[in-house]
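Work through the exercises below with the sequence and the model side by side, and try each task before reading its solution.

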Amino acid sequence: IVDDFGVKWVNRSDFDHLLHSPETKHTMTCDMDGKQYVGMHLDWHYDTREVICSMDQYIQDALSELEVTKPKQHFKGPSKSPSINYGAKVQYVEDDTSERLTPEQTKFVQRVIGKFLFLARAIDNTLLHALNDLACQVSKGTQRTWEATQHVLKYIACNPRPAIRYRASDMVLEAESDAAFDVTPDARSRAAGYIYLGSADNTQFNAPVHVLSKTIKGVMGSAAEAEVAALHMNAHELIPLRDCLNTLNHAQPPTRIKTDNITAKGFVQGTIKQKRSKGYNRKYWWLKDRVKEFNILWAPGKTNLADYHSKHHTGTYHSKVRPLYLYEGNQSPTNLQGCIELLDNAHGRQARSPTISTSSTGTFHRATNISHSNRGTANRSHEQDKPVHVNRASTADWSTSYNTVPSPIAARNSHNLCN
């Protein structure tokens, strides 16, 4: 059964012929303004060549069905931020010793996941990492899972009118990839990706056509391995999108995939060699063989659009970046430079542009000094903010690799359910 389908037409006679054919056998209604589609409300702005999508009625009906009321306290984020014991030599795993969910509670959590997963994939992508956590825990859920479910519902009740804005573009597919190492139960990692259609000059920002927030199968041996796995998963998502766009006569250049892990980028591009497990080796060579379809670039983790969907953040951070992932009027940026400035402000301080100077000696001095203690761990020196000095020959190469995101701002490197 097909509930809704949209039609783009040039001649009205062609559309009337198409409409008449199914009307002979089926009862149909026709919305010539195109205001509703698969449960979404479409607000067209032809003068600015953009459309704003929302699902306000769907959210109200879902909250009423689940008997959720708006709490007195405003919930800024869909999940709680995990506490970090700063200064501790060892970060210990916190065991969940709370009681198991009752069958009724388990069924309710499953209803919440099923009800709002469509909303998260279609409009409110800020819910994805929270729903991913619930889906991974529900089979062995505890009272902590129940509390997380209630937190998600209260967040939705406090923010019942999410919307996203699509803008006319050059239909060039862009992607940003990230991974959070060892953040889910059983020492698993989470992969994230933000895929959108941008401009040929890589300056336009747009709402996503797909957001990945998924637990990686298997235990990753390092953060770099998790980042390569995330690149592999995002590339798999991009292939059918590239095929679809090429079929629609939107020829695609090699799709840019930005990662914030320079080691993962080095593995794929062959500038770094290291012993790899067989699973790691498969992902590595799969990406190497697709080098004509993908262009993997490095960009600072602070400006990575996929970072938000890979881990849990504080409520304050959620509030500051909400205009980036959802439409908030004039607060929402329209280009990548605006995204970088918004993310920079969300991290609480203004990053400084790197200082580049020439040297007659032709030496390169790193801004960050690494010293090894007797315990064999690498500690970052307080001299990490010293200027970077490069010679004239290396300046062009450095600029080319750094400016994968079109911004002069320097930053420190910081749905999908689980299977």
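**Exercise 1: Two hairpins**

Strand β1 (residues 36-37) is joined to β2 by 2 bridges, and the two strands run antiparallel. The model used throughout these exercises is a predicted one.

Task: Find which residue of β2 is the bridge partner of Q36, and which residue of β3 is the bridge partner of H41.

Solution: Begin with Q36, whose bridge partner in β2 is H41. In the hairpin of β1 and β2 there are 2 residues between the strands, and V38 takes a positive phi near 40° there. Next, follow β2 to strand β3 (residues 50-54), with which β2 pairs in the antiparallel sense over 5 bridges. Here H41 has S54 of β3 as its bridge partner. The hairpin of β2 and β3 has 4 residues between the strands, and in this hairpin R49 takes a positive phi near 55°.

**Exercise 2: An open sheet**

Task: Establish in what order the 5 strands of the open sheet lie, and which strands stand at its edges.

Solution: Reading across the open sheet, the 5 strands come in the order β7-β6-β5-β8-β9, and their pairing is mixed. The edges are taken by β7 (208-215) and β9 (294-298), each of which has a single partner strand, so one side of each is left without a neighbour in the sheet. On average, neighbouring strands of this sheet are turned by 20° against each other, direction ignored.

For the β9 edge, look at strand β8 (residues 255-259), which runs parallel to β9 and is joined to it by 5 bridges. In that pairing, I257 has I296 of β9 as its bridge partner. Helix α7 (residues 262-269) packs on the sheet, where it touches β8 and β9, and its direction makes about 145° with that of β9.

**Exercise 3: A helix with a kink**

Task: Determine where the kink in α3 is centred, and which elements the buried residues of α3 pack against.

Solution: First take the span: helix α3 (residues 103-122) has 20 residues and reaches 29 Å from its first C-alpha to its last, which is close to the 28 Å expected at 1.5 Å a residue. The helix nevertheless holds a kink of about 35°, centred on F116. F116 is also one of the buried residues of α3, among them F108, V112, I113 and L117. The buried residues of this helix pack against β2 (40-45), α2 (56-65), α4 (128-137), α5 (143-158) and β4 (163-167).

**Exercise 4: Two residues examined**

Task: Decide whether T184 is buried or exposed, and do likewise for A157; then state which residues each touches beyond its sequence neighbours.

Solution: T184 is found in strand β5 (residues 172-184). Its relative accessible area is 7%, and because a residue counts as buried under 20%, T184 is buried. A polar atom of the T184 side chain lies 2.9 Å from the backbone oxygen of R188. If residues up to four places away in sequence are not counted, T184 touches D133, S189, R190 and T215.

A157 lies in helix α5. With a relative accessible area of 8%, A157 is buried as well. Its contacts, leaving aside neighbours within four places in sequence, are L63, V68, T69, K70 and P71. For T69 the C-alpha separation can also be given: the C-alpha atoms of A157 and T69 are separated by 6.7 Å, although the two residues are 88 residues apart along the chain.

Notes
Residues are numbered from 1 along each chain as its sequence is written. This is a predicted model: local features need pLDDT of at least 70, side-chain atom pairs count only at pLDDT 80 or more; totals for chains, interfaces and linings use all residues. Side-chain values use heavy atoms; hydrogens and water are left out. Two strands pair if DSSP finds at least two bridges between them. Axes are lines fitted to C-alpha atoms, for helices over the stretch in contact, and angles run from 0 to 180 degrees between N-to-C directions. Contact means heavy atoms within 4.5 Å. The expected span of a helix is 1.5 Å times one less than its number of residues. The bend at a residue is the angle between axes fitted to the seven residues ending there and the seven starting there. Buried means under 20% relative accessible area, exposed over 50%, partly exposed in between (1.4 Å probe, protein chains only). A polar contact is a pair of N or O atoms within 3.5 Å; within protein, one must be able to donate a hydrogen and the other to accept it, and residues adjacent in sequence count only if both atoms are side-chain atoms.
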